[in-house]
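Me: Can you walk me through this structure? I'm in my first year, so please keep it plain.
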Amino acid sequence: MSGVLCAIRGGPGSHPTIRKAINLAESKKLPLYFLYVFNLDFMRHTSHSRADTITADMKQMGEFILLMAESLAAEQGVNAEGIMRQGQVAEEICELGKELAADYVILGRPKEERNVFTQDRMSELEKTIEESTGADVILVGEG
Amino acid sequence: MKQRLRLWGLALLLCGTAFFLFYTHRPAVAQEENDPPLPLLVGSVRDRQGQPVGRATVLLWQGAPGATPEAEAEPLASVTTQPDGRYAIPLPEPLPAGEVYYLAIERAHFEDARITLDPDMVAQVEEEGSVVLPELVLPREVNLAFWIATLIFAGMLAVVAISDLHNTLVALLGASLVFAVSYLGHPLSEDLFIFDFDTALEYIDWNVIFLVMGMMIVIAVVEETGLFQWLAFAAYRLSRGKAWLLLTVLMLVAGVASAFLDNVTTMLLMTPISVQIALALNLNPLTLLVPEVMASNVIGVSTLVGTPTNILIGSFASISFNDFLRNLTPGVLLAFAGLVIYSVYSYRRDLGTTGEMSPALLERLEERAQITRPGHLRKAGWIGAIMLLLFVFGERIHLLPSVTALMGATALLIWIRPDVEKMIDAVDWTTLVFFMALFIVVGAIQEVGLISVIADVIGRLVGDSLVLTMVTVIWVSAVLSAVVANIPFTAAMLPVVGYLSGIVPGAHSKVLFYCLSVGSAMGGNGTLIGASANLVTAGIAERAGYPITYTYFLRKGFPALVITVALATIWLFIRFLVLA
C-alpha cells in the first residue's frame, strides 16, 4: 500500500491542507486518506462518566468532518477514504502512516502558535513522523 | 440472572436510601408533648451574628465567693448545647448555702464565657423549679486555626481556577489538610484544632448528594435515547433556513434541557450535533455554540435541579422546586429574551452568510438525528413527568427532592432494566466526592468563624437597605463566579446570605438566596472558565477546528452577563419589592 495521508482537524484552517492533499493525490495518482483524530482530554476537569456517550457523538462529528473533506475530493474527481482514530494526534498519524506505508503525510501548520502547536513542536512532530513512517512530510500553512 | 440480581440490589439500595432520607427529614410531631419537664436552668447561646452556637459545653461550678475552681475539681453538672444553641442544665439538690454558683461556657473557636448565678436567682430556681437565663452571646476567637482554614479554602479556590488538577482532587486535598491540621497539630497546640471527623460529617448535606446522584441516573438513561440529536435536527427543520431562527430554537432547546439536566451534560450532547448543522450550513459553529452554552447557563437557574448551585441553595434555605419556578422563572425568561436579542445582534454578520445544505450532508444528518431507543424515551418521559409532579407538589407532604430523584431513578432502573454496570458507571462518583470534600472545607471555615467575619463585614456595609443588599449579593456573586469556581463560592456564601436574610429588614422572603442563585449561575457566562459547560463546549469546538479562546469568550460572554443579570435583577426587584 502507498498513498497520501492528510491529517485534518476541521475548520477553515484545514481547507488549504485538504486542497494540497487532493492536488498531490491527483498529480501523483496515489490513493488519498483523510485522518481525523479525536480524544476526550477536554473532559479531564469534568465528568468522565459521560465518556461512552460523548465518544459516540465525537465519532459522528468526526465522520461528518471527514465526509466534508471526501466531498471536496470527489468534486475534483479524486476518491478519498476517511479514517478516524481516537488517541493522541502525533501517535495516531505515525501509526496510520506506517500501516498505510504512506508516501506523503500532509499536515496543517497553525497560523498562530497555540496550545501544543508551537513551531518547535511542529518541527519535532515532522521529524518524528518522517523517521517512523519514512514518508515525506509536507506542512501547509493555514489559510 | 446475576445481572437481574444486581439490578434489584441497586434498586433496593436506592429505595432504602429514599426511605432513610424521608424518615430522617420528617418534621418532629408530638415529640415535645412527651418531653420531661424542663430542668432547672434553661438558656441559649448565640454568636455575634445571632446564629445559634451548638456543641458548646455548659458546666455548672460551685465555689466560695471569689474562688476559682481547682483544675481537678468536677463540675456539678455538664451539658452540651443543641444545634439551635439551647441548653437545659439540672441543679443538684440540696444546694449548699454560702456558695457561689456559676456557669462556664466553652466552645472551640469562641472565647470562654461565664455567668454567675446571683443568690436571688438560685432562690428563684429552688422556689419555682426552673429559670430561664438571658441569652448569652459568645465572642469569636481568631486563632491560628482560623488563619489556616482560611488559607486552605482560599488556596483551594485558587488551585481550582489556575491549575490542571481535577476539582475533586483539590477538594479532597483541602479536606485532608483540614483533618491533618486538626489531628496532627492539635497535640502541639490547642489553637491548631479546626474540627473533628464527626463534626465534619455534620456539615455534609446528604440531601444534595443524593439529589445529584438520582438525577445522574435519570440523565444517563435519557442521554442514550438520541433525544438531543433529534431535537437539534428538528430545530434545523423548524428554522427553514433562517439562521437567526435556528439560533433561537437551539438556544431554547439547550436552555430548557438545562433546566432539568445539568449544563455540562446538555452541552456535551448538544455541541457535536450543533457543529455538524453549522458546518453543513457553511456557518461558523461558534455562532451557535456560544449562545447555546450561555442559554444553558441562564435557563438552568429556573429550576431546583437545573444547576448544582440551585441544589445547594434549595437544600440550605429550604427553597422548593415550586419556589424556584414561581420566583425565578419569569426573571429567567426575561433574561433569556435579552440574551437571544443580544446573540442575534452580536452574530448578525455570521448569521447572514449561511448556505444551502448539500443533499449528501443533509441525508447523513437526518440519518443520525433519530430517536435510537424510543421505548426507553417513552418510559423516561412517563417517569420524568411523575418526578416533575412530585417535585412541584411533594413539598406539601414534606417530600424532599432527593427522595423524588432517588425514587425516579429506581423506577427507571426497574422499568427499563438497563445494563446495571453501565448505570453505576454513569454516576459521576468524582462529582459526589467533590461535593462531600467541599462541604467539609466550607464547614471548616464556618467552624473557625471566617463566614461570620465575612457576614459581619457585608452586614455593616449594606446596613438596613434591602435594595443595596440585593444588588450587592447578585452582582458580587456574578462577577466572582466568572473568575472562581461557582460551586465552592456558593457553598461558602450560603451561611453569609443566611445571616443577611436574618438581619436585613424584608429579606426573610429568601430573596437574597434567589439573588445568589442568579448571580452564581449567570455569572458563569462572563468568562470561559466561569462554568464547566463553557470549557466542555470549547473542548469539542476546538476538536472540530474552531477553538474558543479566552478573549473571544470574554468579548461575547461578558456583555451577556451584564444584560442577563441586569434583567434578572429588575425581575427580582419587581417580584420582591413591588409585588411583595
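**Talking through the two chains**

Reply: Sure, let's start with chain A, whose secondary structure comes to four helices and five strands. Helices (H or I, at least four residues) and strands (E, at least two) are DSSP runs, numbered from the N terminus. This is a predicted model, in which local features need pLDDT of at least 70 and side-chain atom pairs count only at pLDDT 80 or more, while totals for chains, interfaces and linings use all residues. Residues are numbered from 1 along each chain as its sequence is written, chains are lettered from A and ligands numbered from 1 in the order in which they are written, and side-chain values use heavy atoms, with hydrogens and water left out.

Me: In what order do the elements of chain A run?

Reply: From the N terminus on, they go β-α-β-α-β-α-β-α-β.

Me: And how much of chain A is buried?

Reply: Of its 143 residues, 48% count as buried. Buried means under 20% relative accessible area, exposed over 50%, and partly exposed in between (1.4 Å probe, protein chains only).

Me: What share of the contacts in chain A comes from residues 24 or more positions apart?

Reply: Taking contacts with a separation of 6 or more, such residues account for 73%. Contact means heavy atoms within 4.5 Å.

Me: OK, new topic. How many residues of each chain are in contact between chain B and chain A?

Reply: On the chain B side 37 residues are in contact, and they meet 30 residues of chain A. The area buried between the two is about 3000 Å², and carbon and sulfur atoms give 57% of it. B:Leu268, B:Arg368 and B:Arg543 supply 22% of the area that chain B buries against chain A, more than any other three residues. Buried area is the accessible area (1.4 Å probe) that two parts lose on being put together, summed over both.

Me: How many polar contacts are there between chain B and chain A?

Reply: The count is five residue pairs in polar contact, both residues at pLDDT 80 or more. A polar contact is a pair of N or O atoms within 3.5 Å; within protein, one must be able to donate a hydrogen and the other to accept it, and residues adjacent in sequence count only if both atoms are side-chain atoms.

Me: Which helix gives the most to the side of chain B that touches chain A?

Reply: That's H10(B), with nine residues.

Me: How many salt bridges cross the interface?

Reply: The rule finds one between chain B and chain A. A salt bridge is a side-chain nitrogen of Lys or Arg within 4 Å of a carboxyl oxygen of Asp or Glu. Here A:Arg9 pairs with B:Glu542, with the closest N and O atoms 3.9 Å apart. A:Arg9 is partly exposed at 23% relative accessibility, whereas B:Glu542 counts as buried at 18%.

Me: What about the whole structure, how many salt bridges over all chains?

Reply: It holds 13. Since A:Arg9 lies in the loop between strand S1 (4-8) and helix H1 (15-28) of chain A and B:Glu542 in helix H24 of chain B, that pair joins two chains.

Me: Which residue does B:Glu447 form a salt bridge with?

Reply: B:Arg55, and the closest N and O atoms are 2.9 Å apart. The pair links distant parts of the chain, 392 residues apart: B:Glu447 is in helix H19 (residues 429-448) of chain B, and B:Arg55 is in the loop between strand S1 (41-46) and strand S2 (57-63) of chain B. B:Glu447 is buried at 4% relative accessibility, while B:Arg55 is partly exposed at 30%.

Me: Switching again: how many disulfides does a search of the whole structure find?

Reply: Zero, over all chains. A disulfide is a pair of cysteine sulfur atoms within 2.5 Å.

Me: Why no bond for A:Cys94?

Reply: The closest cysteine sulfur, in A:Cys6, is 15 Å from the sulfur of A:Cys94, which is too far for a bond. A:Cys94 also counts as buried, at 10% relative accessibility.

Me: Last one: which helices do the buried residues of H21(B) pack against?

Reply: Helix H20 (450-462), helix H22 (486-503), helix H23 (511-522) and helix H25 (550-578) of chain B. Among the buried residues of H21(B) are B:Leu466, B:Met470 and B:Val473. At the start of H21(B), a side-chain oxygen of B:Ser465 comes to within 3.0 Å of the backbone nitrogen of B:Leu468.
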